[in-house]
Structure formats: structure tokens, C-alpha cells
Amino acid sequence: MRHNNQLPDNLPQLQNLIKRDPESYKDEFQQQYRHFLNSLEVFALKPNEENKKIDELVMFIAQVAQCYPAECLQFPQHLVDLLKNHATTLDPTMRNCFVKALILMRNKSLIPALELLEICFQLMRCPDKHLRTFLQNHIIADIKNMNSKHKDMKLNSTLQNFMYSMLKDANPKAAKMSLDVMVELYRKDIWNDARTVNFIANEGCFSKMTKVMVASLKFFLGCDEESVGSNDSDSEDNIDLKSALIQSRVNKKTKKRKKQLEQLKRQAVKAQKKKGRAPSFNFSAIHLIHNPQGFAEELFKQLQSGNERFEVKLMHLDVISRLIGIHQLFLFSFYSYITRFMQPHQRQVTRILQFAAQASHELVPGDVIEPILKTIANNFITERNSSDAMAIGLNATREICQRCPLAMGEDLLRDLAMYKSYKDKSVMMAAKSLITLYREQLPALLHKKDRGRLTEAQAELKPRAYGEIQVHDTVPGAEALLKNSKIINIDSDDGSDFDNNQGEWVDVSHSENEADSEAQSSDNEEESELEIENDNSSTEDEDCIEEESVKVSPAIPSDVKKLNEKESAKELALTRIFTDEDFKRINAVNLKKTVTNARKRPLEKENSELVKLDNIEMIYKKRKHDKESRLETVEDGRSDREKYGWKDGRKNPDCSKTNREKRKRKNFVMMRHKARSKGKKSFREKQQALRRHLLHQKKMK
């Protein structure tokens, strides 16, 4: 027998043989298992010492445990008891080995998930950061694998209850880890239910541990526009399959390149399917809170009574402002609290102005937000401050008034509008943006000269009172589709449409024998139809929608009720499904209504729940130098220095140059014979040249 076949001492070979034929090597396994039990009793006497033999036995038994489930039934319990009793005193290498063995058996479904979770959270008390990171990654991967094919609601509920209990644990490391696991599983769309979000809101945000509280607040401030795998998705979408196919034709055919091309083809097919898939919208966690009013009040109470750092206070203000703006809450004391921080010298003052804008919405009375606007005007928009502070104050005022237009008074608005002729361009542009906002919202508050030319959209605008909601009974701008619409029979079940180039929408009295009207020509005049006129006459002004003339066919009876343009558009919206092309035409007409002859480009609007910080910090900065002054500066810098260009590297400029430098300036005809004779030297020629060189060097010595 060869030495490497000694099975009692060669565990890797025995492991390989057992996996191939478990029954034939059962005695050898039982021998090793008894040896493990005896060694474990000896190890329990001194658990702080490292024993490599036990490490090898533990990993060996964990690898082949699925072959002998009855014999290894108590093996996981031995490791769990050892970790529970001696978790902090064990050698780090031994402890990592036991944990890896348990995870290996969990991957083979030999240990319940909850049992391993309990021991993982108990190991959080160990002063081993590497082990804690390893356990956290395993818990996330394990729960993700359990929910990969289908979600086991019963198991998820049990695991969630255990995680919730660990979030209340007195150990800060265990509580922080449980929170990190829940947040990561929420981002991976595994535990993205309202139950997890509300537990983090009720327990994590009000935890006595600062780290847990800050992590919970950051969870609600997480960016919901960009997912975790956005970079991967972008790289998958930008696949250039055409260039890869061309390269595969030109390059040498190898197995590796063939495999890469097949992988690229699969990625291209996957990206193409992803583009054709319907878009999925994932709501942020702040939308799933059950009681946002109570949550905001408790957070505000904690902010007032707490003595945390200024950065933590900013997180509280951010979460509260988002809650107020998204759910349209009423928390009037928040506005008076945030007013005290509105000073130009205040740290992070632009973010505080952003929170004030986020907390504004249409249901807040104007009297509540008006003190904020006056504070900004008194502290920022004054000539004793810098132009940057004035522009930031005007931008913040615009963002607040965009969400609550009734908060601005007429006197204050006209005072701020006078900055449109200010000497600094950043202040001037900020004031003009405020004027443009109120031209669309409430033009009556502006001075007559600031209202501008009246557009069609402003003529149709009706100022809304406090709490009034504008309800549309039809699609705004549907009148644009009346030109090329079709005759639609209201009573027909099949919804068949017929093209017609003349006629207007009409309401026709219906006959009872409509089913027989198609067969009898005498009843054709009594069939109920709604006709739409297609006006082909060219008009001089294409921006305005002309009212079409009503033309009734001679076949229509005299008891016909004619509909005007709005009623026709409403009837069209009720009887027809609009396509994407129809909506494009509607949007184009609505944009034309907001444009005058003087202003050819429509205003850009962003309907977002959150306020972008760039909208407040957006300050126009003029360049310090124009092109002429910059050229003068460049010429002044060249006056006192040496002539720029190629410099000769020789120390003595009068000495001769090398042959290599002389060769560069010679005519090509003179050097052509050398270029022609120059070729790749053979190995023998290289040997001879090296020999001559070495002999020459030896003579020179």
C-alpha cells in the first residue's frame, strides 16, 4: 500500500471516497467521528488553545454529513453548544472554523435557518469585526436564496419576528446588525413590505442607541430613484454586439473568444427583453408608513427634547420635511422651529431652506408659511448681504411658493419683483424666475407691467382658493383630436369606427329597430351616429385652435342636439381610447398655449416630491475674464520667460551632435540603403554582434 492511501490519516482522500460510495466507507467515518468526540472532550478543558486536528475533523464531518444524516444528527448541536459556552474565549481561527462548518451544513439544509440565526446573533458579542461582517453577509445571502424561487411567507414571518426582537436587544452591535440586515433585504426587494418599514420607523428611529437611530433615519432618506444595481443595468444596456461580431470575424478563432461572444449574445438578448418589459415602479419606504402624522409628531418631539449633534438634527429635519410634503401633513410648530436656523452665517443653511420648501404644500394655510418668507426676505434678500446670499434667498422663496402659492403676499411679491433690475446678474435671474412662477400661478398679485403678455393658458387659468382642488371632467387639450377623429356610434357594441371628412359631433335620437337598419336602406336616415368634422381648410395662425363649424348631414333628422367643442372633446374622451400619438398631439397643443409670440420656448417644469438642492444653490456666475483679458494674461506670463519650444539637452551647445541626431536631419535618399538593409537579425548574428561588443569593451579597458 502506498503512503498516500492511508485513509485514517488522509482525510481529503477519505472524504472523496465517501462521497463516491458512502456505504463502503461507513466504518472509517464512524472511526473518525468517535475520534472527534474524544478530541472534543479534551478540547473543552482548554478551549482558548488552538487545535488544528479538531479543525480538520470538523470540516471533514461537515463535508460528508449529508451522506450519514443519522450518525451526524448531534454534530451541529456539539458545535452550537461549544460556541454558546465559549464564544468569547475561543481562539479566532477555531471559532471561524466552527461557524463555517455550521454554514456549510445550513447550505445543505441540515440545520434550520432560525437555529443558525440565533447563534449568529449571539456571536455578535465577540470582539471580531471580520466575523461579524462574514455572518451578516451569510444571513443576507441565506434569506435571499430562500426567497429566490418563491417567497415562503410563514418562514419569512418567523425570521422577521426574530429580527424585530433582536432590534430591541441591549447589545448595540446585535441591534445594529439586525437593522442592517433588514435594510439590505428591503433594498434587494425581499422584505419590501410595509411591516418591515413600519417596524424600523417605530423602533429604529426612536432607539436609545445613536448608531441605530442614525441608520434608521438614513434608511428613510435613501435615494429611491437609483437602485443598488443601477450601474450593472447600465453596463448591460450598453452592449455593442455589432462590433463584437466584426471582431470575431477578423480575430483568430479560439475557444475563449467563442465563449465570450456567446456570453455577449446572451447579454444582448437579455437587454433587449428588458427594454420591451413594462416599467416597474418601486415606492420609497416613506410612502409605506401607516401613521405618518403620528410618526412625524414623535420625531419632532424627539428633535426638540434631544441633545444630539447638528448632523443628526439635520437628518431629523429632512425626514420630517419629507413626511410633511409627501403625505401633506399638518405640523405647524415645525415651521416656527426651522425659522430660527435661517441665517446666512448658519452652517448648512441651504439644506435648511430645502427642508422648508419640502415641508410646504397646498393644504398648509398661507398664514403659517408667510413668516418663513418674511424671515428669508429680511435675513437674505437685503443689500447688506452678498449677491450669493440674495440669490439663494430668492431661489428658496421660489421653491416654497411653487408648492404653496397662497403664502406670498402682494406687497412682499412686488418688493421682491423689483430685484429684476438689480446690478448682479444672479440676483436678477432669481427675481425673474419668481416673477415667471407667479405669471402662471397668480398673475393678479404682480404689477401690471410684470405680468407679461397674456397667453392662452393664462386666460383659461382660474385662481384657486385655499383647499380647492381642480377636477377635470375630460382630458385637457383633447380638442386637438377633433380634426382627424372618426364617426363613432354610441349604441354599437363592437365599437366600429368609420372615417368621415365632414360633420360635427351631434347627439342623435335613437330608433328601436337599429339592428335592422343596415339591411334596410329606408332606415339608414334614422341610425344614431356622432359625427366629427374634419376641417381641412388651412388657417393662418396654427397656434390657436379654431372653433369648427357645425355641419349636419341632410340624412340627420331635425331633432338633433348639436354639441360645442368642449362637449365634443368630452364625448370623444368617453368613447375612444387615446393612443401615444394622440397624447403627443395633446401635449403639443397644451405647450403652445403657454407660449406667446415673444417667448418661443415653453417653461420647464419638474413635478417632483422632493426639492433638489441644486434648485436653491443655482447661482449664475459670470466669468472673471473674457477672451481678450485672458489672452492679455497669457501674453504677460510669456514676457519674462525663455522662448518656449524644443530645448537642446546638451550641456555645451558648441559641441558636436551624435550620429543618431544627425541622421534625423539627413535626406531620406541618403539613408534609404540603410533602411532597406535593416532587417531582423538571426540568433547567430546576435551572438556575433554581442561577441564583438564584449571584445571591444574589453579592449577599451
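Because Lys-176 and Asp-180 sit four residues apart in helix α9 (residues 172–187), about one helical turn separates them. That is a handy place to start in this predicted model, since the two side chains form a salt bridge whose closest N and O atoms are 3.0 Å apart. How buried or exposed is each partner? Lys-176 is partly exposed because its relative accessibility is 26%, and Asp-180 falls in the partly exposed class too, with a relative accessible area of 23%.

Helix α16 (residues 310–327) offers another pair with this kind of spacing: Asp-318 and Arg-322 are four residues apart, so about one helical turn lies between them. Their side chains meet in a salt bridge at 3.2 Å, N to O. Here both Asp-318 and Arg-322 are buried. The pair also belongs to something wider, as salt bridges with shared partners join Asp-318, Arg-322 and Arg-351 into one network.

Now for a bridge that spans more of the sequence. Asp-128 forms a salt bridge with Arg-95, and the closest N and O atoms are 3.7 Å apart. This pair links distant parts of the chain, with Asp-128 in the loop between α6 and α7 (129–146) and Arg-95 in helix α5, 33 residues away. Why do both count as buried? The cut-off is under 20% relative accessible area; Asp-128 is buried because its relative accessibility is 13%, and Arg-95 is buried because its value is 4%. As a general point, side chains of opposite charge can pair when their charged atoms come close. Over the whole structure, a search finds 15 salt bridges.

Let us step back to the chain itself. It has 701 residues, and 36% of them are buried. Its secondary structure comes to 30 helices and four strands. Among contacts with a separation of 6 or more, 70% are between residues 24 or more positions apart. The accessible surface of the chain is about 45,200 Å², and carbon and sulfur atoms account for 49% of that area.

Helix α22 (residues 425–440) is a good example of how one element is covered by others. Its 16 residues reach 23 Å from the first C-alpha to the last, close to the 22 Å expected at 1.5 Å a residue. Which residues of α22 are buried? They are Ser-426, Val-427, Met-428, Ala-430, Ala-431, Leu-434, Ile-435, Leu-437 and Tyr-438. The elements that cover these buried residues include α20 (387–403) and α21 (410–417).

Another buried site is Asn-379, found in helix α19 (residues 366–379). With 18% relative accessibility, Asn-379 is therefore counted as buried. What does its side chain reach? The side chain of Asn-379 comes to 2.9 Å from the backbone oxygen of Met-342. Setting aside residues up to four places away in sequence, Asn-379 touches Met-342, Gln-343, Pro-344 and Asn-385.

Cys-67 also brings separate stretches of sequence together. Cys-67 lies in the loop between α3 (52–63) and α4 (75–85), and its 21% relative accessibility is why it counts as partly exposed. Although Cys-67 and Pro-22 are 45 residues apart along the chain, their C-alpha atoms are separated by 6.2 Å. Beyond its neighbours within four places in sequence, Cys-67 is in contact with Ile-18, Lys-19 and Pro-22.

For anyone who likes checking backbone torsions, two loop residues deserve a look. Most residues other than glycine have a negative phi. Ser-109, however, is not a glycine and has a positive phi of about 60 degrees. Ser-109 sits in the loop between α5 (92–107) and α6 (113–122), and it is exposed because its relative accessibility is 61%. Gln-348 also has a positive phi, near 55 degrees, without being a glycine. Gln-348 is placed in the loop between α17 (332–339) and α18 (349–358), and a relative accessible area of 39% is why Gln-348 counts as partly exposed.

We finish on the surface. Which residues form the nonpolar patch with about 380 Å² of accessible area together? They are Phe-330, Phe-332, Leu-406 and Tyr-466. Tyr-466 has its place in the loop between α23 (456–460) and β1 (487–488), and is partly exposed because its relative accessibility is 45%.

Definitions and conventions
Residues are numbered from 1 along each chain as its sequence is written. This is a predicted model: local features need pLDDT of at least 70, side-chain atom pairs count only at pLDDT 80 or more; totals for chains, interfaces and linings use all residues. Side-chain values use heavy atoms; hydrogens and water are left out. Patches are made of residues with over 30% relative accessible area and no salt bridge: like charges are joined within 9 Å, nonpolar side chains (Val, Leu, Ile, Met, Phe, Trp, Tyr) within 5 Å. Accessible areas come from the Shrake-Rupley method with a 1.4 Å probe; for residues, only the protein chains shown count as cover. A salt bridge is a side-chain nitrogen of Lys or Arg within 4 Å of a carboxyl oxygen of Asp or Glu. Buried means under 20% relative accessible area, exposed over 50%, partly exposed in between (1.4 Å probe, protein chains only). A polar contact is a pair of N or O atoms within 3.5 Å; within protein, one must be able to donate a hydrogen and the other to accept it, and residues adjacent in sequence count only if both atoms are side-chain atoms. Contact means heavy atoms within 4.5 Å. The expected span of a helix is 1.5 Å times one less than its number of residues.
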